[in-house]
Amino acid sequence: MRYPTALILCLLFISCYNPERNCEDFKTGTFEFEVYLEGDLVKTTFIRNDTIEIEIYKDKRDTASIRWINDCEYILKSLKPKNLAEEKPIHMKIISTSNNSYTFEYKIVGKNNKQKGRGVKVD
């Protein structure tokens, strides 16, 4: 008899949990993102203000415009796309934050395939 009550209470507690989302703290600044590509750990640096994001990857810079949808979501659009893939805007969503980092998910606008990442604020 106690098992169903405990299970219901547990499910209620889990469903009411909302991760911390102080997105304002991550709208501007300098951030780093690391990912494994073809077995190598690579680092990308992002410098972001309210309207522009500059990505620095392997000493190359790419600039994108930012259009904020709400405090935690924005659309990135490359200002100088080099191919058709870079012409497609990217939807970014901050899903949780901590003191100096945030977890985000991103996808190409109109597609369903989401990826996740973690950015660390370095400045």
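**Salt bridges in the predicted model**

In this predicted model, Lys27 counts as buried, its relative accessibility being 13%. The side chain of Lys27 is engaged in a salt bridge with that of Asp71, with an N to O distance of 3.6 Å. Because Lys27 belongs to the loop between helix H1 (2-16) and strand E1 (29-37), whereas Asp71 belongs to the loop between strand E4 (60-70) and strand E5 (73-78), this pair ties together parts that are 44 residues apart in sequence. Asp71 has a relative accessible area of 42% and is therefore partly exposed, given that the partly exposed class lies between 20% and 50%.

A search of the whole structure identified five salt bridges. One of these contacts is formed by Glu32 and Lys43, whose closest N and O atoms are 3.7 Å apart. Here, too, distant parts of the chain are linked: Glu32 is located in strand E1 and Lys43 in strand E2 (residues 40-48), with a separation of 11 residues. Glu32 is partly exposed, with a relative accessible area of 26%, and Lys43 is likewise partly exposed, with a value of 43%.

A further salt bridge joins the side chains of Glu53 and Arg48, for which the N to O distance is 2.8 Å. Both residues of this pair, Glu53 and Arg48, are buried. In addition, Glu24, Lys27 and Asp71 are joined into one network by salt bridges that share partners. The buried residue Lys27 thus appears both in the pair with Asp71 and in this network.

Notes: Residues numbered from 1 in each chain as written. Predicted model: local features only at pLDDT ≥ 70, side-chain atom pairs only at ≥ 80, totals over all residues. Heavy atoms only, no water. Salt bridge = Lys/Arg side-chain N within 4 Å of Asp/Glu carboxyl O. Helix = DSSP H or I, 4+ residues; strand = E, 2+ residues; numbered from the N terminus. Buried < 20%, exposed > 50% of the residue type's maximum accessible area, 1.4 Å probe, protein only.
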